[in-house]
Amino acid sequence: MTSDFIVVANRLPVDRVLNGDKVEWNPSPGGLVTALKPVLHEREGAWVGWPGCTDEVAVDDMPSAEQAGVRMLPVNLDAQDHELFYEGFSNATLWPLYHDLIVSPKFDKGYWERYQEVNKRFADAAAREAAEGATVWVQDYQLHLVPGQLRQQRPDLSIGFFLHIPFPAPELFRQLPWRREILEGTLGADVVGFHTADGAINFLDTLQALGEDVSYAHAEDEHTFVRGARLPQPGDIVGVVQVQDSDGSTREVKVGVFPISIDARHVNQTAMSPEVMARAEKLRTQLGNPKLLLAGVDRMDYTKGITHRLETLETLLDSGDLKAQDVVMVQVATPSRERLEDYQRVREEVERIVSRINGNYGSLGRPVVHYTHAGLPFEDITALYSAADILLVTALKDGMNLVAKEYVACHSDGSGALVLSEFTGAATQLTQAYLCNPHDPDSTAMAVVKAATDDPNSRRQRMLDMWDHVRTHDVNRWAESFLRQLQKVDNA
C-alpha cells in the first residue's frame, strides 16, 4: 500500500501510554495534528514519525487507520538515537543556535553523525510509502536532511519543508560546522516555509552569503514581496533559490511566509462550554478570588522567559505597583527535555524565584505564585486561560507561540489582556497585544501595568481585534496556504 500524501515529523500524532501491562495510544493534542488530519483524511495519506518510546514498534502494533483517523508508520529510535539525535544534535545543537544562543550550542561530531543516520531512516520510510508523484510534507528542525535524502531516492515527489522554530541571522547560523549540509538537505524541498518574514529572509540571506543563487521575489502580484518595499504577508513567496540536483538538472525552491495558527473554533467552543466555564469560576474561587489573576503557560524551556516574567512580578511587588493581597499568579511549566543540563538549570532557577516571592509576599494558605511543573489536560488549561485577567507570554525567542493565540480564542467576548513578547512570531500578527521586550525588565513591567490599568473599552477592543484575526487566520488556513504553493510544483 502506498500513499499520495505523507507527513514526515519527529513524532507521530499519538502518544504511547503504558497502563499496567497494557499499551494504549492517546491522540496528541497539538495544532499540527489538528491542521493536517483533515488533509490526510481527504487524501488517504500517512504519517511517518517516531512513536515516542525506545522499544521496537511494528506497523502492526500501531493503532489502525480507522482507530486513529490516519495511517501511521513508525520510525524506531533506540536509547542512543534519542540521546545523540534528539537530545544531542536537535536540542543541544540546533535548538540553542536557532534561538539566538541563549545558551551555547554544542558542536559535537558524534551528534551530527547520528543526526544524519536517523534522518536517513525517516527519508527511507517516506520513500517506501510514497506513491508515484506523491506529495511529502516534512516538518521541523529535527529533519532538515530528509528533503534532500528523499529527493535523491524519489525525484518524482513534490516535497515541502516547514520550520516551526525561528531561523537565525546568517552570522549565527554560519557558526554551525555542518551549515552547508543542513542547507542542502533543506533545499531538497520544492517549498520551504517559515512563520515570519524574519525567518524566511534570514534563510535567504544565509544562502546568499554562502554563494547560493538567490533571487528575492518581485511585486508581480499581491502575493509576492519586494525586498525593502514592504513587509511580507502570510502566504507570500519571499524569494526563490536556484538549485542544481545531483542529476545535473536545475530546480527552483520557493521560500515563503506561512504563520501557523490554532483550531480557533475548537478552542473557543471548549472555553465557552458549561463545563469549562464552571471550572474557570471554581479556579478563581480556589485562588481566593483575587482582584488580578495573572497566568503563564509554557514548556519548561530557557527560551520561554519564565524567570524573566517572575522577576517582573517580584519587581512590581517590590515597588508597590502591584499589591500582594490583590494579585495571584498561576505558572504552569510542562516538563521538557529534563535530562539536559540547561533545562535542569532553568527549572531550578524558576523554583528559586517562586520560593522567594512566596516567602516574601505570600502568607500561610495564600501563596502569591501557584506553580506546577506538570502537564495539565487541555480543558484545565482552557479554564485557566478563561479565568486569567492577563496572560504573560515573555518568550526570549519563539517561532510562533500558540499559547498566545489559544488565550485570545478563550476571550472572544473581549475580556482579558495579553502581554506578549515582541520576539515571538505571534507578535507579528497579534499587534494589539501589550507588547514588551522581555530582556528589558522595565518594558515588561510597564506592559503588565498598562494591561492591568488600561481603559476597559480600549482593552476590550484590543482583544476583539485579536480574536477577529485568530478566528479568520486559523490552522486550516495555514495548511491550505502552504499546500497551495506546493501543489503548483510540477516534478513530472
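In this predicted model, nine strands come together in an open sheet with mixed pairing. If you walk across that sheet, you meet the strands in the order β5-β4-β1-β6-β7-β8-β11-β10-β9. The two ends of the walk are β5 (71-74) and β9, and each of these edge strands has a single partner, so one side of each is left without a neighbour in the sheet. From one strand to its neighbour the average turn is 20°, with direction ignored.

Let us look at a few places within this sheet. Strand β8 (residues 191-194) runs parallel to strand β11 (residues 250-257), and 4 bridges join the two. To find your bearings there, look for V191, which stands opposite K254 in β11. Helix α5 (residues 146-153) packs on this sheet and touches β6 (130-139), β7 (158-162) and β11. The direction of α5 makes about 175° with that of β7.

Now move to the β9 edge. Strand β9 (residues 213-216) pairs with strand β10 (residues 237-244) over 4 bridges, here in the antiparallel sense. Within this pair, Y216 has G239 of β10 as its bridge partner. The two faces of β9 are easy to tell apart: V214 and Y216 make up the covered face, whereas D213 and S215 lie on the uncovered one. As a reminder, strands of a sheet pair through backbone hydrogen bonds, in either a parallel or an antiparallel arrangement.

There is also an open sheet of 6 strands, in the order β14-β13-β12-β15-β16-β17, and its pairing is parallel. Which strands stand at its edges? They are β14 (369-372) and β17 (434-436); each has a single partner strand, so one side of each is left without a neighbour in the sheet. Neighbouring strands of this sheet are turned by 15° against each other on average, again ignoring direction.

The β17 edge is a good place to pause. Strand β16 (residues 417-421) and β17 are joined in the parallel sense over 3 bridges, and S421 stands opposite C436 of β17. Two helices that pack on this sheet are worth following from here. Helix α14 (residues 402-409) touches β12, β15 (390-393) and β16, and its direction makes about 170° with that of β15. Helix α15 (residues 441-453) touches β12, β15, β16 and β17, and its direction makes about 170° with that of β17.

Next comes a contact between two helices. The axes of α10 (residues 274-286) and α13 (residues 378-387) come within 8 Å and cross at roughly 60°, and the crossing is right-handed. On the α10 side, the contact is made by V276, R279, A280, L283 and R284. On the α13 side, the residues are E379, D380, T382, A383, L384, S386 and A387. Sorted by class, this contact has 6 nonpolar, 2 polar and 4 charged residues.

Finally, turn to the charged side chains. Side chains of opposite charge can pair when their charged atoms come close. The structure holds 29 salt bridges, and three of them make a helpful tour.

One joins R114 and E117, with an N to O distance of 3.3 Å. These residues are 3 apart in helix α4 (residues 109-129), which means they are separated by about one helical turn. R114 is buried, with a relative accessible area of 13%, while E117 is partly exposed at 43%.

Another links R352 and E349, whose closest N and O atoms are 2.6 Å apart. Both lie in helix α12 (residues 341-361), 3 residues apart, or about one turn of the helix. R352 counts as partly exposed at 47% relative accessibility, and E349 as partly exposed at 24%. Elsewhere, salt bridges that share partners join D81, R114, E117 and R121 into one network.

The last stop is the salt bridge between D326 and K291, at 3.7 Å from N to O. Why does this pair tie together parts that are 35 residues apart in sequence? It does so because D326 lies in the loop between α11 (306-319) and β13 (327-334), and K291 in the loop between α10 and β12 (292-299). K291 counts as exposed, at 67% relative accessibility.

Terms used:
Residues numbered from 1 in each chain as written. Predicted model: local features only at pLDDT ≥ 70, side-chain atom pairs only at ≥ 80, totals over all residues. Heavy atoms only, no water. Axes fitted to C-alpha atoms, helices over the stretch in contact; angles between N-to-C directions. Left-handed = near helix turned anticlockwise from the far one by under 90°. Contact = heavy atoms within 4.5 Å. Nonpolar A, V, L, I, M, F, W, Y, C, P; charged D, E, K, R; others polar. Salt bridge = Lys/Arg side-chain N within 4 Å of Asp/Glu carboxyl O. Buried < 20%, exposed > 50% of the residue type's maximum accessible area, 1.4 Å probe, protein only. Pairing = 2+ DSSP bridges.
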